[in-house]
Amino acid sequence: MNTVNATHFWPIAASVLVTLVALSLLLANEVRRRKALQREIKKLVAQNTTQQQVDRLTGLINLTTFEVALAKRAEVADAAGSLFCVLHVALDELGMINDGFGQDKTDKLLITAAEIIKGVASNSELVCRIGGGEFAMYVSGGANVARDVAHKLCQKLEQSVQLDSNLLTTTCSIGIAVYPEHGTHQKLVGCAGLAMRTVKLAGGHDFCVYDPQMGANVRDQINLLSDLRKALELKQFELFFQPKVDAKSLQFTAAEALLRWHHPKRGLISPALFIPIAERYGLMGPIGRWVIEEACNRAGQWKTKGLRMRVAVNISGFQMREDDLVEFIESTMQRYDIEPGRFTCEITESVAMENTKVTQQTFRKMGAAGFHVSIDDFGTGYSSLAALRQLPAAELKIDRAFVTDLEESEDARSIARSIVSLGKTLNLRIVAEGVETLGQCELLVQMDCDELQGYLFSMPIPADKLEELAFGVSTNKGHGFRDSLFMSNSMLLSSNA
Ligand code: C2E
Ligand code: CA
Ligand code: CA
C-alpha cells in the first residue's frame with residue numbers, strides 16, 4: 001500500500017506544484033497588468049485635468065483656473081493690504097479678420113497675440129484666454145501700474161503681425177478693474193469686461209479703468225443699438241438738408257443731406273452719436289442705402305419742380321468698403337433721373353486716405369461714373385499732395401474747426417489759407433463749412449473760397465423747408481441769402497415776376 005501510495009504521490013505533487021507555479025505566474029502577470037492599467041488611467045486623468053485648465057489653441061490657462069488663482073491672490077492682498085488689477089483685453093475687429101483671412105490665419109493671430117500678452121505680463125502664468133479674441137491678465141499693483149501695462153500692450157499689439165504673406169495690424173480694447181476698490185475678486189473680470197466694452201463702444205483701440213457708472217452707460221448704448229436696428233423699419237429716419245452757397249453770389253449751389261433719427265422716447269438724436277454705432281455694428285449698409293435713395297428721391301422731385309440743385313450725401317468708411325456701392329448709386333440715380341455730376345459723395349479725409357484695395361477701387365469707380373467727389377473735414381487728417389492727386393476729387397471742405405477759430409487765431413487763418421492754395425493747385429473747389437459769423441464769411445471770401453456752408457446761411461432743415469427757401473418763399477432766410485443758382489430759367493422768370 002505504502003509502495004503504491006509513494007508511486008502515486010510524486011507525480012501528483014509535481015503536477016500540483018506546476019499548477020501552483022503557473023497560477024502564481026499568472027497572478028503576478030495580472031497584478032502587473034492591473035498596475036500598468038492603473039498608472040495609465042492616472043496619467044489620463046491628470047492629462048484631462050490639465051487639458052480642462054488650459055486653452056488648447058494658445059496654451060494659456062482658462063477662465064475657471066484664472067479665477068481660482070485670483071481668489072488666492074485676493075487672500076494674499078487682503079493679508080498684506082496691497083492692490084492688484086485685472087486687465088480684460090479684447091482684440092478689435094476679430095470677426096472682420098476672420099471673415100477676410102479665414103480661421104487658420106485668425107488662429108495664428110490669436111496665438112501671436114497670446115504670446116505678446118504673456119510677454120508683457122509680469123506673471124506670465126496668470127494670463128488666461130476667456131474665449132474668442134478676449135484675454136484676462138493679472139497685474140500686481142494699482143491702476144497706474146495697470147495703465148502702463150495696458151499702454152505697452154496696445155503698442156505691442158498694434159505693431160504689424162506677419163501672417164504668411166499678409167501683414168496684419170491689430171488693435172485692442174482694454175478694461176482695467178482694481179482689487180479691492182471695484183469689488184470682490186469674483187466681480188473683477190466682469191468689471192474689467194464692462195470697462196473694455198465701454199472702450200469698444202467709443203471706437204476701440206484704447207484702454208480705461210472701470211467706473212461704476214459704466215454699467216448704466218453700456219446698458220444705455222445697448223438699448224440704443226437695439227432701437228437703431230428697428231429704426232429703418234419703423235420709418236424713424238429723416239433727411240435734413242443744409243445749403244451750400246456760392247461765396248460770391250450767395251446763391252444755392254447744392255444741398256447736403258444730413259441724417260436725423262426721430263427716437264420715440266429721446267427725440268431727435270444726432271448722427272454724430274448713432275452713425276459710429278451703426279458703423280461698428282454692421283447697420284451702416286442698409287441705413288446708407290436708405291440715405292442715398294431718399295436723397296436721390298428729393299433731388300428728383302426738385303428737378304421736376306425746376307430746382308436743379310446738386311445733392312450731397314455723406315459716405316461712411318463702411319460704405320466705401322462695399323464693393324457694389326457705386327453700382328447702387330448709379331442705378332438709384334437712373335431711377336430718379338439724376339445726372340452723375342449732380343450727385344456729390346462727401347468722404348472724410350481720414351476715410352479717403354485709407355489705403356485699402358476696396359476703398360481705392362470704389363474711388364476709381366466713382367471717378368469713372370462721373371460723381372462729384374468731395375473730401376470732407378479736410379485739415380484733420382494727414383493727406384499728402386501726392387495722395388490727394390490720386391483721388392478723383394472735385395472739392396475740398398475745410399473742417400469746421402479751422403473756420404470757428406478764423407477770427408481769433410492766426411494759425412487757423414494760415415491753415416485755411418494753405419488749404420485754399422493747395423486746393424487751387426489741384427484744381428479743386430473749396431468749400432468752407434460751419435460759417436457762423438459775418439467776420440468768418442468775409443475772411444473766407446477774401447481767401448478765395450468757392451462755396452460756404454453754415455448756420456449764417458441756414459441750419460440743416462427738412463426737405464420741404466429747404467425747397468421753400470430755395471424758391472424764395474420762406475421768410476426765414478439767413479444772411480444775404482439768395483435763391484438757387486440752379487433754378488431753371490423758366491422758374492427764375494416766374495419767381496422774379
Ligand atoms: P459733417 O458731414 O461734417 O456735417 C456737418 C455738421 O456740422 C452737421 O452736423 C451740421 O449740422 C453741422 N453744422 C453745419 N453748419 C454748422 C455751423 O455753422 N455751426 C455748427 N456748430 N455746426 C454746423 P450733424 O448734422 O449733426 O452731422 C454730424 C456728422 O454726422 C456729419 O458731419 C457727418 O459726418 C455725419 N453724418 C450726417 N448724416 C450722415 C449720413 O447720412 N451718412 C453718414 N455716413 N454720415 C452722416
Ligand atoms: Ca459732410
Ligand atoms: Ca464736415
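Let's start with two metal ions: the calcium ion (ligand 2) and the calcium ion (ligand 3) sit 4.2 Å apart, and Asp376 coordinates both of them. Keep in mind as you look around that this is a predicted model.

Take the calcium ion (ligand 2) to begin with. Which residues hold it? Its protein donors are Glu256 (OE), Asn314 (OD1), Glu346 (OE) and Asp376 (OD), at 2.2 to 2.3 Å from the ion. If you look for these donors in the sequence, you'll find them spaced as E-x57-N-x31-E-x29-D. Two of them show how distant parts of the chain get linked here: Glu256 belongs to strand S10 and Glu346 to strand S13, and they are 90 residues apart. Are these two buried or exposed? Glu256 has a relative accessibility of 4%, so it counts as buried. Glu346 is buried as well, with a relative accessible area of 1%.

Now hop over to the calcium ion (ligand 3). Its protein donors are Asp376 (OD), Asp377 (OD) and Glu433, which is listed twice (OE and OE), and they lie 2.2 to 2.4 Å from the ion. In sequence, the donor residues follow the spacing D-D-x55-E. Once again distant parts of the chain are linked: Asp376 is in strand S14 (residues 372-378), while Glu433 is in the loop between strand S16 (429-432) and helix H17 (438-446), 57 residues away. What about cover? The relative accessible area is 5% for Asp376, so that residue is buried. For Glu433 the figure is 12%, and it too is buried because the cut-off is under 20%.

Next, follow the strands that carry some of these donors. Strand S10 (residues 251-263) pairs with S12 in the parallel sense over four bridges. To see one spot in that pairing, find Ala257, whose bridge partner in S12 is Val313. S12 also pairs with strand S13 (residues 343-348), again in the parallel sense and over four bridges. Here you can look for Val311, which stands opposite Phe343 in S13. How many residues of strand S12 (residues 310-314) are buried? Four of its five are, making this strand mostly covered.

Strand S10 also takes us to some aromatic rings. Across the whole structure, a search turns up eight aromatic pairs. One of them is Phe237 with Trp261, a tilted pair with 6.3 Å from centre to centre and 55° between the planes. Phe237 is in strand S9 (residues 237-246) and Trp261 is in strand S10, so this pair ties together parts that are 24 residues apart in sequence. Both rings belong to buried residues.

Trp261 has another ring partner, Phe274. Why is this pair called edge-to-face? The ring centres are 5.5 Å apart and the planes make an angle of 80°, so the pair falls into the edge-to-face class, which covers planes over 60 degrees apart. This pair links distant parts of the chain too, with Trp261 in strand S10 and Phe274 in helix H8 (residues 271-280), 13 residues apart. Trp261 is buried, at a relative accessible area of 0%, and Phe274 also counts as buried at 0% relative accessibility. Step back a little and you'll find that Phe237, Trp261, Phe274 and Trp290 make up one aromatic cluster.

Rings can have charged neighbours, too. The charged end of Arg289 sits over the ring of Phe328, 4.8 Å from its centre. In another spot, Arg73 lies over the face of Tyr138, 5.1 Å from the ring centre.

Finally, have a look at an open sheet. Which order do its strands take? Six strands line up as S1-S3-S4-S2-S7-S8, with mixed pairing. Strand S1 (61-62) and strand S8 (206-209) are at the edges, each with a single partner strand, so one side of each has no neighbour in the sheet. Further in, strand S3 (residues 127-131) and strand S4 (residues 134-140) pair in the antiparallel sense over four bridges, and Val127 stands opposite Met137 in S4. Helix H6 (residues 185-201) packs on this sheet, where it touches strand S2 (84-91), S3, S4, strand S7 (172-179) and S8. The direction of helix H6 makes about 145° with that of S7.

Methods. Residues numbered from 1 in each chain as written. Chains lettered and ligands numbered in written order. Predicted model: local features only at pLDDT ≥ 70, side-chain atom pairs only at ≥ 80, totals over all residues. Heavy atoms only, no water. Donors = N, O, S within 2.8 Å, 3.2 Å for Na, K, Ca; no water. Helix = DSSP H or I, 4+ residues; strand = E, 2+ residues; numbered from the N terminus. Buried < 20%, exposed > 50% of the residue type's maximum accessible area, 1.4 Å probe, protein only. Pairing = 2+ DSSP bridges. Phe/Tyr/Trp six-rings, centres within 6.5 Å; stacked < 30°, edge-to-face > 60°. Lys NZ or Arg CZ within 6 Å of the ring centre and 35° of its normal. Contact = heavy atoms within 4.5 Å. Axes fitted to C-alpha atoms, helices over the stretch in contact; angles between N-to-C directions.
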